[in-house]
Amino acid sequence: MNVKDCRKVYILIMIICIIGVTIGGCGERKIAPQGTGETGKRGGVLRVALTGELRSLDPARVGDTASGLIAEQIYNGLVEFDNELKICPSLAESWNVTEDGKVWTFNLRPDVRFQDDPSFPGGKGRKLTAGDFKYSFERITNANTLSTGWWLFNGKIKGANEYREENALAEKEKRESRIKEVEGFKVLDDWTFQIELTHPFAPFINLMAMSYTWVVPKEAVEYYGKDFFKHPVGTGPFRLEEWSPGLRVILKKNPDYWERDEDGVPLPYLNEINIRILRDNLVAFMEFDKGNFDFSGIPPEVWGQVMTKDNKLTSKYQKYQLIKSSSLDTGYYGFMMTQSPLGTNKELRQAFNYAIDRQSIIDNILNGRGIPAKGVLPPEMPGFNKELKGYGYEPARAKELLTKAGFPNGDGMGEITLQLNSGGTTLEDVAEAIQDQLKKVGIKVKLSIVSWPQHLDSVDRGTPQFFRMGWVADYPDPENFLALFYSKNFSPEGPNSTRFSNEEFDRLFEKALHLTDFDERVKLYQKAEEIVVDEAPWLFISHGVGYVLLQPYVRNMAFPPMAINRYKVVWLENRDSP
Amino acid sequence: MYQYILRRLLQAIPVLLGVTFVTYFLVFYAGGDPARLAMGVRSDLATVESFKEEWGLDKPWHVQYLTFLKKLSHGDLGRSLSTNEEVLLSILERFPATFKLGMASLAFAIILGIPIGIISAVKPRSFLDNALMVVALLGISTPSFFFGVILVWVFGYLLRWLPVSGFDTGLAGFQYLILPAIALGTGPLAIFARLTRSSMLEVMRQEYILTARAKGLDESRVILKHALKNSLISVVTVIGSSLAGLLSGTFFVEFIFGWPGIGLLAVDAISNFDIPLILGIVIFESILFVVANIAVDITYAFLDPRIHYE
């Protein structure tokens, strides 16, 4: 074979590879590292700093970030998000939905076992069946479980609300429930699970990737009773070895885990994850810099030492890998729409929005870790509208609008109270910057700093006229953000904390829920978002951007939006197993 | 003696009741809804109400308080609102860490504080005495949380001699103990040093010290055997109350060093508005305080034969 022939063969191989990569599987399956089958690239202990205390490892009550990070390694659900936030198969190999969008059928993998646990006969984990999903989902539905995830099914699943109400009543009256199961959760056979919705809900498949829907075995829940939260048993890549509250969590590789990488090598690659619970990001960073953790964020206190002005690593820190990650969140200050003058005067709210120099806040207070918010949806969110202009920094226009609103130079408006929660100097610094910028156009703002419980409670009651808040996506669908403006979602019943109400918005929002074509839905959501931006129930501020440092030997670690941490595909180069 | 202990324990009951009452009252009227916090912002009102019913949070505060007392009389502190863990279990799990830190900082304070006091008293108004007392004054005036942050920065980050956070059992855990024990123990160390000095100076003026010297006893024997023993009574009083303080006042130091003790648990309980856990910790710490004070009183009797408890 001459050189020319070699080149042809090479090109042919490349084409085959490209086609293979393009049509094969989803993102997560593509990120398997080269040559992971090599023995030197398996094993080892990942050392993680967790700056927060765990609350519960019961999927029915996993709501906080710290617990979610651990539980994610222990459990699986029907589907999961890949690094590009697309839905991928997990315990369901495939699924289909009827044309009317109401009946979802999931075909489960037949080779999945629960982790070994004393709650099973002989301590050996048994095979997963569709009945386990029915049990897990009915458990969330049952009012007596007090799950924080009931909102996922509320009003969406056939027979779920009836089941919940009857069970709650039966518990109160101390009798047997007359409704034994949720009509909409059906076991067709051992490997087929079906869910029937009351009405089409376009983003439904996203809900099936959320932590609340991870599957648990009935045996373990009943065996451990109220203490199940600290004895998690799932089907995931790692099992809980130790949880010392306030100190550490140790996860060990699940030797029976069902998933393999592209080369057929069983996952996870790591033998162990050693998580130390800390309280301070600065301490975590210092320990990372001493080589005691494998990755760390960059706290504001050391930002200038670690990063240059153009957000690159300074020479001292260039030994580390730097990963930029954006999060699906929007920071905003809400105007209580039920209160005058802010809630009743659109020009006034628009004036606030034009008076704010978002970029200056991001540059000077957030160390460049943010993107100015032009609207409701963060840029990484599918359906993000690049054409949306939003509000720029135009103080002259803000003054014009103030005059139009009936308050020239802020006269006659009095002092507006901005309520925010305590819990970090950054929050207060941002609030003070906004107070200062508003003052420049004549708007006087007084800050009221209260504890988080007080803040949440008063916003629920509709008391503060102007308040700090933020929203982090539960799932990557515009519906999750725009639900904050739907008039049937007023707080405290729903997440619409500003009590925004607009008939046209509601019409577009409801119409989009019934469509199955994502592009069609996006068109409606973008129109709905334009209404929100024009009406300005929020003072739009920023979307978060994060930077993470990795030790040089860490491979395959990704920080996709929504804080998904799949340690099952992480490996450590030249680090032998302990 | 037993009657005295029993009487002191009985006297502690109204103190504990008072503490729980004030805490309950303050927590209840602090504002905020613990049920909303526990159930998350996405939960509907009905779910939040179910939670309140389940935990009795829908009842008037005095009814909740009486229910709490009733359970308390059976040794039941309830379960945490945020984690569902038994409150007593949570506290008992964390207490060994707090105890370890408290004892280490007390040992640090005694081992250094008393000798410093003796050295100062032996050479009063000398340069060494003045220098040690200025340092002691700084030690008393510097809050432990501030000192803790300085230690973290200097020894943990700049010099990198010691880990700034962590906990382990056995000898391996010693490296984690050093910085928090110093941060917590420096205040009591300074107090012990100043107290030992003043107490020693007073005793050194007594006639029996003069007699001892006149008998030609060695100076070190006069100081250590005759002066120190009699100076220690007042120091022991302060050591006892410091012990209670060290076991219950570790909030900031535990937070800074990520030390998994009761202080850290309390910080979590307060930020989560976890009423049963807050009350459980307050009760536990109050009992510690009462017991430590009784223990100090009993120690007097052993140190000073003139003291008798009827």
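1. Two residues are in contact if their C-beta atoms, placed from the backbone, lie within 7 Å. By that rule, residues 24 or more positions apart account for 74% of the contacts in chain B with a separation of 6 or more.

2. A word on the source. This is a predicted model, in which local features need pLDDT of at least 70, side-chain atom pairs count only at pLDDT 80 or more, and totals for chains, interfaces and linings use all residues. Residues are numbered from 1 along each chain as its sequence is written, while chains are lettered from A and ligands numbered from 1 in the order in which they are written.

3. Chain B has 13 helices and zero strands (DSSP runs numbered from the N terminus: helices are H or I, at least four residues; strands are E, at least two). Its C-alpha atoms fill a box of roughly 85 × 55 × 35 Å along the principal axes. Of the 310 residues in chain B, 38% are buried (20 or more other C-beta atoms within 10 Å of the residue's own; exposed means 12 or fewer, partly exposed in between).

4. Look at helix 5 of chain B, residues 87–122. Its 36 residues should span 52 Å (1.5 Å times one less than the number of residues). The end C-alpha atoms are 50 Å apart, which agrees. The helix has a kink of about 35° at Phe95(B), shortly before the proline Pro96(B). That bend is the angle between axes fitted to the seven residues ending there and the seven starting there.

5. Now the interface. Here 34 residues of chain A are in contact with 37 residues of chain B. On the chain A side, strand 10 (272–277), helix 8 (281–289) and helix 14 (452–461) each supply at least two residues. Helix 14 of chain A gives the largest share, five residues.

6. The largest nonpolar core holds 211 residues (buried Ala, Val, Leu, Ile, Met, Phe, Trp, Tyr and Cys joined through C-beta atoms within 7 Å). Ile281(B) is among the residues that touch the most other members. Helix 8 of chain B, residues 174–204, gives the largest share of this core, 13 residues. Not counting residues up to four places away in sequence, Ile281(B) touches Ile91(B), Ile262(B), Leu265(B), Ala266(B) and Ala269(B).

7. Chain A has an antiparallel pair: five bridges join strand 4 (residues 92–97) to strand 5 (residues 103–108). Pairing requires at least two DSSP bridges. Ser94(A) stands opposite Asn107(A) in strand 5 of chain A. The hairpin has five residues between the strands, and Gly101(A) takes a positive phi near 75°.
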